[in-house]
Amino acid sequence: MPTRLIRTGDEPVHARSPLRMRLGLATWGLLWTLGGAVAFAVVGRPGWAAACGALAVVTMVDLVLVIRHIRQGPHYQPGPDVPPYAPIGERRRSRGRHRTP
């Protein structure tokens, strides 16, 4: 019998990002944008070289953020052994603080 994933109904709020894949794609994009910037600069197209350079900066920022999230551990990249987050409403109710009218 196949194992089923637990669904809480709040997946869009607590979506889990595949950070390793994002790291690979950002690295690939950085290589292409840097290569494009160099190639356009050599050919004499400064506008296109600047555009590729700007994209390289954006990609570098994304790489730094992805690496930071990977190093922060399973809170940002949970595996199958980490249960899904409780919805926000359930977290508030479970703290034991109830308002009395």
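## A walking tour from Arg 22

Start by selecting Arg 22: at 32% relative accessibility, this residue counts as partly exposed, because partly exposed covers the range between under 20% (buried) and over 50% (exposed). Keep in mind along the way that you are looking at a predicted model.

**Stop 1: across to Asp 62**

With Arg 22 still highlighted, add Asp 62. The two residues form a salt bridge, and their closest N and O atoms are 2.6 Å apart. Follow the chain from one partner to the other and you will find that the pair links distant parts of it: Arg 22 sits in helix H1, Asp 62 sits in helix H2 (residues 46-71), and 40 residues separate them. Is Asp 62 buried, exposed or partly exposed? With a relative accessible area of 23%, Asp 62 is partly exposed. How many salt bridges does the count come to? The count comes to one.

**Stop 2: step back**

Now show the whole protein as a cartoon. You should be able to pick out three helices, and there are zero strands. Tracing the sequence gives the pattern α-α-α. Of the 101 residues, 18% count as buried. Switch on a surface view if you like: the accessible surface comes to about 8500 Å², and carbon and sulfur atoms make up 65% of that. Contacts tell you something about how the chain is arranged, too. Among contacts with a separation of 6 or more, 69% are between residues 24 or more positions apart.

**Stop 3: two tryptophans**

Next, select Trp 28 and Trp 32 and show their side chains. Trp 32 belongs to helix H1, which spans residues 19-43. Trp 28 and Trp 32 are four residues apart in that helix, so about one helical turn separates them. The structure holds two aromatic pairs. In the pair made by Trp 28 and Trp 32, the ring centres are 5.9 Å apart and the planes meet at 70°, so this pair is edge-to-face. Try turning the view until you can see that angle for yourself.

Are these two residues buried or exposed? Both Trp 28 and Trp 32 are exposed. For Trp 32, the relative accessible area is 57%, and this residue counts as exposed because the cut-off is over 50%. Add Leu 31 to your selection, and you have a nonpolar patch on the surface: Trp 28, Leu 31 and Trp 32 together offer about 430 Å² of accessible area.

**Stop 4: next door, at Thr 33**

Move one residue along and select Thr 33, which also lies in helix H1. Here the picture changes: at 12% relative accessibility, Thr 33 counts as buried. What does Thr 33 touch, leaving aside residues up to four places away in sequence? Its partners are Cys 52, Leu 55 and Ala 56. Select Cys 52 and draw a distance between the two C-alpha atoms: Thr 33 and Cys 52 are 19 residues apart along the chain, with 5.1 Å between those atoms. Then look at the side chain of Thr 33, which reaches the backbone oxygen of Leu 30 at 3.1 Å.

**Stop 5: His 69 and Leu 19**

For the last stop, select His 69, which is found in helix H2. His 69 has a relative accessibility of 24% and counts as partly exposed. Now add Leu 19. In sequence, His 69 and Leu 19 are 50 residues apart, while in space their C-alpha atoms are 7.9 Å apart.

Technical notes:
Residues numbered from 1 in each chain as written. Predicted model: local features only at pLDDT ≥ 70, side-chain atom pairs only at ≥ 80, totals over all residues. Heavy atoms only, no water. Buried < 20%, exposed > 50% of the residue type's maximum accessible area, 1.4 Å probe, protein only. Contact = heavy atoms within 4.5 Å. Areas by Shrake-Rupley, 256 points an atom, 1.4 Å probe, with all protein chains shown as cover. Patch = residues over 30% accessible without salt bridge, like charges linked within 9 Å, V, L, I, M, F, W, Y side chains within 5 Å. Salt bridge = Lys/Arg side-chain N within 4 Å of Asp/Glu carboxyl O. Phe/Tyr/Trp six-rings, centres within 6.5 Å; stacked < 30°, edge-to-face > 60°. Polar contact = N/O pair within 3.5 Å; in protein donor to acceptor, adjacent residues only side chain to side chain.
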